[in-house]
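Visitor: I am new to this structure and would like to learn how to read it one feature at a time. Could you show it to me before we begin?

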Amino acid sequence: MGRKIPSICIYCAGGCGVLATVIDDAIIEIEGDPDHPINEGALCSKAAAYIQLVNNDRRLLTPMKRTNPRKGVDEDPGWVPITWEEAFKIIAELRMFTNYLINLFNSLIKCPLNHAKVVLV
Ligand code: SF4
């Protein structure tokens with residue numbers, strides 16, 4: 001019943017094959033692909049719960065930003081939804097700051113006896 005669409009699990013680097021059963025454009029089941037050479041039909045518990053990632057009504061649909069800088073068991077992180085544009089801007093700013101720190105570090109460790117260099121991939 002339904003179409004079985006082969007795909008690859010993205011939860012870790014294992015690359016296990018999955019079959020998604022689709023009815024009326026909705027995924028109703030995820031199972032291991034018995035023809036896949038890596039997992040031969042088996043799935044770990046993370047992938048077995050994949051269906052929750054798609055169909056759970058508590059699934060996050062927008063990026064979230066933490067607004068409380070204090071951390072701890074009793075601290076409310078104060079997550080607030082933000083737009084994708086805001087999220088990309090924050091990521092770009094962090095990337096630029098990281099590049100600045102890497103360049104600073106590389107300039108500090110530069111000496112004739114030390115050819116080590118930090119590279120951000
Ligand atoms: S099924 Fe489990 S082990 Fe395989 S790729 Fe997914 S998370 Fe990794």
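Visitor: To start with a single residue, in which strand does Pro6 lie?

Guide: Pro6 lies in strand E1, where helices (H or I, at least four residues) and strands (E, at least two) are DSSP runs numbered from the N terminus. Residues are numbered from 1 along each chain as its sequence is written. Please keep in mind that this is a predicted model, in which local features need pLDDT of at least 70 and side-chain atom pairs count only at pLDDT 80 or more, while totals for chains, interfaces and linings use all residues.

Visitor: What does the confidence look like, and where is it lowest and highest?

Guide: pLDDT is the predictor's confidence in each residue, from 0 to 100. The protein averages a pLDDT of 89, and 90% of the residues score at least 70. Confidence is lowest in helix H2 (residues 50–55), with a mean of 84, and highest in strand E5 (residues 80–81), at 97.

Visitor: Is Pro6 buried or exposed?

Guide: A residue is buried if 20 or more other C-beta atoms, placed from the backbone, lie within 10 Å of its own, exposed if 12 or fewer, and partly exposed in between. Pro6 counts as exposed because it has 11 C-beta neighbours inside 10 Å. Strand E1 as a whole is hardly covered, since the count of buried residues among its 6 residues is 0. Val54, which lies in helix H2, also counts as exposed, because it has 12 C-beta neighbours inside 10 Å.

Visitor: How are the strands E1, E2 and E3 arranged in their sheet?

Guide: Strands of a sheet pair through backbone hydrogen bonds, either parallel or antiparallel. Two strands are taken to pair if DSSP finds at least two bridges between them. Here 3 strands form an open sheet in the order E1-E2-E3, and the pairing is antiparallel. Strand E1 (3–8) and strand E3 (26–32) stand at the edges with a single partner strand each, so one side of each is left without a neighbour in the sheet.

Visitor: Which residues stand opposite one another in E1 and E2?

Guide: E1 and strand E2 (residues 17–23) pair in the antiparallel sense over 6 bridges. Among the facing residues, Lys4 stands opposite Thr21 in E2, Ile5 has Ala20 as its bridge partner in E2, and Ser7 stands opposite Val18 in E2.

Visitor: What is the bridge partner of Val18 in E3?

Guide: In E3, the bridge partner of Val18 is Gly32, and E2 and E3 pair in the antiparallel sense over 6 bridges. The hairpin of E2 and E3 has 2 residues between the strands, and in this hairpin Asp24 takes a positive phi near 50°. Although Pro6 and Gly32 are 26 residues apart along the chain, their C-alpha atoms are separated by 9.3 Å.

Visitor: Which residues are around the ligand?

Guide: A residue is near a molecule if its C-beta atom, placed from the backbone, lies within 6 Å of it. The residues around the ligand include Cys9, Tyr11, Cys12, Cys16, Asn39, Cys44 and Lys46.

Visitor: Finally, how far apart are the domains?

Guide: Domain bounds come from an automatic or database domain assignment, which gives domain 1 (3–55) and domain 2 (64–108). The C-alpha centres of domain 1 and domain 2 lie 32 Å apart.
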